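Reader: I keep hearing words like "buried", "antiparallel" and "left-handed" in class. Could we look at one example and ask where such labels come from?

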Amino acid sequence: MKDRFNLYRFASPATFYPLAGAMIPYFVAVSIVFGLAGLWLGMLVAPTDFQQGEGYRIIFIHVPASWMSMFIYLVMAGWAAIGLAFNTRLSGMMAQALAPTGALMAFLSLWTGALWGKPMWGAWWVWDARLTSELILLFLYIGYMALTAAIDDARRADKAGGLLLLVGVVNVPIIYFSVKWWNTLHQGSSVNLTKSSMAETMLWGMLLMAMCFWMYSIAVALMRVRTIMLERERHTDWVKALLAGGEK
Amino acid sequence: MIHWNSLADFLAMGGYGFYVWGSFGVTALIMVVEPILVIRHRKTTLARLQRQIRAETRNTAE
C-alpha cells in the first residue's frame, strides 16, 4: 500500500510524541517574543486611560487570562467529545494535559480581577454574574482534575471526566454573555469585531499579550502531554524503546 | 514614544502600583513556576519508568 500523508496518523501517541517534542521550543520562543512586544506596548507606550488612570493596565493580563480560561475549557470539551465518540486514546491525554493550565488561567482571571475591582469598584469581590460564572469555571477545572485523579483506570477516568466537561460547557457562553444578559458591575467587552472602545496601542498590546498566553498554554500543555503519554503507554513497544534509549 | 518620565513614575503606576504589580507579579510567578513543575514531574516520571524497564529486562534475562 502506498504510504500517503494521513492526518489521522498524528492521532496516534507514537507519532504525536516526537512531533510535540519538536514543536515545544518554537511555541516557547514565539510566546516570549509576543510577551515582550505586548509588555512593551502595554506597559511602556500605551497612554493613560481617561477614566481608570494607570490602573487599567491590569487589562493586559486580565483579558488574556480570562480568554484562555474559557478557550482552554472549550478545547478540552472538544477533545472530550472526540474521545467519547471515537474512543481515541490521545483525546483523554490532551484534556488531562490542558486542565491545570486552564485552572491557573481561571485563577489568574479572578486574581487580577480582584486587584482591578478593589480600586475601581471598591470591592475585591462581588457576587455578580460575570465573576460568579468565572468562579464556577475554576471549580469545573478543579472538579475535572479531582474526578480523573480519583479513578485508577485511565480510560474510565477519561470517560467520566469527559462527561463532566461536556455538561459544564454550558457555563462558557454564560460567562461570555453575562455582561449582556444581566446588569452586572463588570464592564462590557472592550474588544468588538466592528468597533473597539480602546486606543490602538492598548488594543494591540492586549492582543499581543493574548497571543503570548495562547502560545504559553500550548507549550506547557504539550510538555505535559508528553509525560502523560509515556506514563500511560509504558507497556507499549514505542515507549519501551524510547526509555531504553535514554529519553530525556 | 515612552509614556513614563521616570522609573519611579513607572513603578508608582499613578497610585495603582500595588494593584498593577500585584497582578503582574503573581502572573509572572505562575508562568515561571508552572513550567518548572511540569519539567520536574517529567524528570521524576522518566526516572521511575526507566527504573521499571531496567528491572523488567533484568528479570527476563535471568
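Author: Sure. Let's start with Asn87(A), which sits in the loop between α2 and α3 (89-121) of chain A. Keep in mind that this is a predicted model.

Reader: What makes the phi of Asn87(A) worth a look?

Author: Asn87(A) has a positive phi of about 55°, although it is not a glycine. Most residues other than glycine have a negative phi, so a positive value stands out. The spot is easy to find: Asn87(A) comes just after α2(A).

Reader: How do you know whether Asn87(A) is buried or exposed?

Author: Count the C-beta atoms around it. Asn87(A) has 12 others within 10 Å, and a residue with 12 or fewer is called exposed. So Asn87(A) is exposed.

Reader: Which residue of chain B has a positive phi without being glycine?

Author: Met13(B), with a phi near 50°. Met13(B) lies in the loop between α1 (7-12) and α2 (17-61) of chain B.

Reader: Why is Met13(B) called buried?

Author: The count for Met13(B) is 20 C-beta neighbours inside 10 Å. The label "buried" needs 20 or more, so Met13(B) counts as buried.

Reader: And for chain A as a whole, what share is buried?

Author: Buried residues make up 40% of the 248 residues in chain A.

Reader: What is chain A built from?

Author: Chain A has 8 helices and 0 strands. Read from the N terminus, its elements go α-α-α-α-α-α-α-α. The C-alpha trace spans about 65 × 35 × 30 Å along its principal axes.

Reader: How do you know that the length of α2(A) agrees with that of a helix?

Author: α2(A) has 28 residues, and at 1.5 Å a residue they should span 40 Å. The end C-alpha atoms of α2(A) are 40 Å apart, so the two values agree.

Reader: Why is α2(A) called oblique to α5(A)?

Author: The axes of helix α2 (residues 59-86) of chain A and helix α5 (residues 154-168) of chain A come within 9 Å and cross at roughly 130°. An angle over 145 degrees would count as roughly antiparallel, and 65 to 115 as roughly perpendicular. The crossing of roughly 130° fits neither, so α2(A) is oblique to α5(A). The handedness of this crossing is left-handed.

Reader: Which residues make that contact?

Author: From α2(A) there are Met76(A), Ala77(A), Ala80(A), Ala81(A), Gly83(A) and Leu84(A). From α5(A) come Asp158(A), Lys159(A), Gly162(A), Leu165(A) and Leu166(A). By class, the residues of this contact are 7 nonpolar, 2 polar and 2 charged.

Reader: What makes α4(A) roughly antiparallel to α5(A)?

Author: Again, the angle. Helix α4 (residues 129-150) of chain A and α5(A) pack at about 165°, with their axes 9 Å apart. That angle is over 145 degrees, so α4(A) is roughly antiparallel to α5(A). Here the crossing is right-handed. Among the residues in the contact are Gly143(A) and Tyr144(A) of α4(A), and Gly161(A) and Leu164(A) of α5(A). This contact divides into 7 nonpolar, 4 polar and no charged residues.

Reader: How are α1(A) and α7(A) placed, and why does the label fit?

Author: Helix α1 (residues 13-45) of chain A and helix α7 (residues 200-232) of chain A pack at about 155°, with axes 7 Å apart. The cut-off is 145 degrees, so α1(A) also counts as roughly antiparallel to α7(A). Their crossing is left-handed. The contact has 26 nonpolar, 7 polar and 1 charged residue.

Reader: Why is Trp124(A) called exposed?

Author: Trp124(A) has 12 C-beta neighbours inside 10 Å, so it counts as exposed. Trp124(A) lies in the loop between α3 and α4 of chain A. Leaving aside neighbours within four places in sequence, Trp124(A) is in contact with Ala114(A), Gly117(A) and Lys118(A).

Reader: Last one: how many residues are in contact between the two chains?

Author: 27 residues of chain B are in contact with 32 residues of chain A. The chain B side has 17 nonpolar, 8 polar and 2 charged residues.

Conventions
Residues numbered from 1 in each chain as written. Chains lettered and ligands numbered in written order. Predicted model: local features only at pLDDT ≥ 70, side-chain atom pairs only at ≥ 80, totals over all residues. Helix = DSSP H or I, 4+ residues; strand = E, 2+ residues; numbered from the N terminus. Axes fitted to C-alpha atoms, helices over the stretch in contact; angles between N-to-C directions. Parallel < 35°, antiparallel > 145°, perpendicular 65-115°, else oblique. Left-handed = near helix turned anticlockwise from the far one by under 90°. Contact = placed C-beta atoms within 7 Å. Nonpolar A, V, L, I, M, F, W, Y, C, P; charged D, E, K, R; others polar. Expected span 1.5 Å × (residues − 1).
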